[in-house]
Amino acid sequence: MTYNIHHGAPENSNEVNLNNIANVIRKSGAEIIALQEVDVNVPRSGKVNQAAELAKLLNMNYYFSKSIDYNGGEYGVAILSKYTLSNARKELLPNPASGEQRSIAIATITLPGDVTIEFAATHLDLNETNRMAQVEYINSLSKTLSKPLFVGGDYNAESSSKELTKFKEEFNLSCLNSCPLSFPVRTPNKAIDFVAFNKLAASRFSLVAANAMTGEYASDHLPVTVVFNYK
């Protein structure tokens, strides 16, 4: 799953409720989740480590990647996983046109059958120049890793954009007949949230389902759930 949780607040609301976010994830049955817009010790969300709290509520492992300092706390992306995380690390993404710093969280996950993948969470910039630089960076990262890599994220761009066209030189997007519409939450008309998977992952895993969980209003995005089969 990839889920922009909007620091646990619904659209046009300041009322943070992580239980609602956890319930959506639990309902989905997702075993590995990329989260965006996660607060850690930020006053607006009660100075809670949201990544740690969601992991506790869901009995999962987690890794948080700070993108920026925010109002006395931290703000960024996170990975949740039913399975053990190892070699968890973060990288800062390029920002040539300036603006808010973005990051990517990456971890190694061992799946049943002793199958190992790299899984990442990210949130690309609102600025097109920055997004292009960021997808080129992630493409390069994928080539350097030479491992099956999945990247759950809010890409702030649709599949036909110049940036995601460049991204698709190295990655497939989690779209079957069409891409799940995930934003805005109540009347979604944009597909900008994906679990991308690189060419090596595509050779070993098959995408069998990709859906936005319509009717879930815990955030200002719909969560997108993706199912893969592997041998």
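These legends accompany several close-up views of a predicted model.

**View 1. A cis peptide bond sits between F183 and P184.**
Start with the link between these two residues: the peptide bond is cis, with omega at about -10 degrees. Most peptide bonds are trans. P184 belongs to the loop between β9 (171-172) and β10 (193-198).

**View 2. S146 and N156 both have a positive phi, though neither is a glycine.**
Most residues other than glycine have a negative phi. S146 has a phi of about 55 degrees, and its place is the loop that runs between α3 (128-145) and β8 (149-154). For N156, phi is near 50 degrees, and this residue is found in the loop between β8 and α4 (162-167). Which of these residues is buried and which is exposed? S146 is exposed, with a relative accessible area of 53%. N156, with a relative accessible area of 19%, counts as buried because the cut-off is under 20%.

**View 3. The largest nonpolar core brings together 28 residues.**
Good residues to look for here are I109, L111, I117, F119, F150 and F228, which have the most contacts inside this core. Strands β2 (32-40), β4 (73-81), β6 (103-111), β7 (115-123), β10, β11 (205-212) and β12 (224-230) each supply at least two of its residues. In soluble globular proteins, nonpolar side chains tend to be buried together. A second core, separate from this one, has 23 residues, with V40, M60, L80 and M213 among them.

**View 4. F119 and its contacts are shown here.**
Which residues does F119 contact, leaving aside neighbours within four places in sequence? They are M1, I32, I33, A34, I79, A105, I106, A107, I109, L149 and F150. F119 is one of the residues with the most contacts inside the largest nonpolar core, and so are I109 and F150 from this list.

**View 5. T2, in strand β1 (residues 2-4), is buried.**
The relative accessibility of T2 is 0%. Two polar partners are worth finding at this side chain. One is the side chain of Q36, with a polar contact at 3.1 Å. The other is the backbone nitrogen of G153, which the T2 side chain reaches at 3.1 Å. Setting aside neighbours within four places in sequence, T2 is in contact with A34, Q36, G152, G153, D154, D193, F194, V195, P223 and V224.

**View 6. The largest pocket holds about 450 Å³ of space.**
Its lining is made of 19 residues, and E31, I32, V226, V227 and F228 are the closest to its centre. Which strand gives the largest share of the lining? That is β12, with 5 residues. Both β7 and β12 supply at least two lining residues each. By class, the lining has 15 nonpolar, 3 polar and 1 charged residues. F228 also appears in View 3, as one of the residues with the most contacts inside the largest nonpolar core.

**View 7. The largest cavity contains about 50 Å³ of space.**
How many cavities of 30 Å³ or more are there? The count comes to 1. The lining of the largest cavity consists of S67, Y75, G76, V77, E100, Q101, R102, S103 and H123. Strand β4 gives the most to this lining, with 3 residues. Sorted by class, the lining residues are 2 nonpolar, 5 polar and 2 charged.

**View 8. V77, one of the residues lining the largest cavity, is buried.**
V77 lies in strand β4 and has a relative accessible area of 2%. Not counting residues up to four places away in sequence, V77 touches L35, Q36, V38, Y63, F64, S65, S67, S103, A105, A121, T122 and H123. Y63 is 14 residues from V77 along the chain, and their C-alpha atoms are separated by 8.7 Å.

**View 9. L164 is a buried residue of helix α4.**
The relative accessible area of L164 is 1%. Residues touched by L164, not counting those up to four places away in sequence, are V135, Y155, A157, E158, S159, L173 and F194. To place I192 in this view, note that its C-alpha atom lies 10.0 Å from that of L164, with the two residues 28 apart along the chain.

Terms used: Residues numbered from 1 in each chain as written. Predicted model: local features only at pLDDT ≥ 70, side-chain atom pairs only at ≥ 80, totals over all residues. Heavy atoms only, no water. Helix = DSSP H or I, 4+ residues; strand = E, 2+ residues; numbered from the N terminus. Buried < 20%, exposed > 50% of the residue type's maximum accessible area, 1.4 Å probe, protein only. Core = buried A, V, L, I, M, F, W, Y, C linked by side-chain atoms within 4.5 Å. Contact = heavy atoms within 4.5 Å. Polar contact = N/O pair within 3.5 Å; in protein donor to acceptor, adjacent residues only side chain to side chain. 1 Å grid on protein atoms, 1.4 Å probe; cavity = no way out; pocket = protein on both sides within 12 Å on 5 of 7 lines; lining within 4 Å. Points joined across faces, edges and corners; volume = space filled by probe spheres on them. Nonpolar A, V, L, I, M, F, W, Y, C, P; charged D, E, K, R; others polar.
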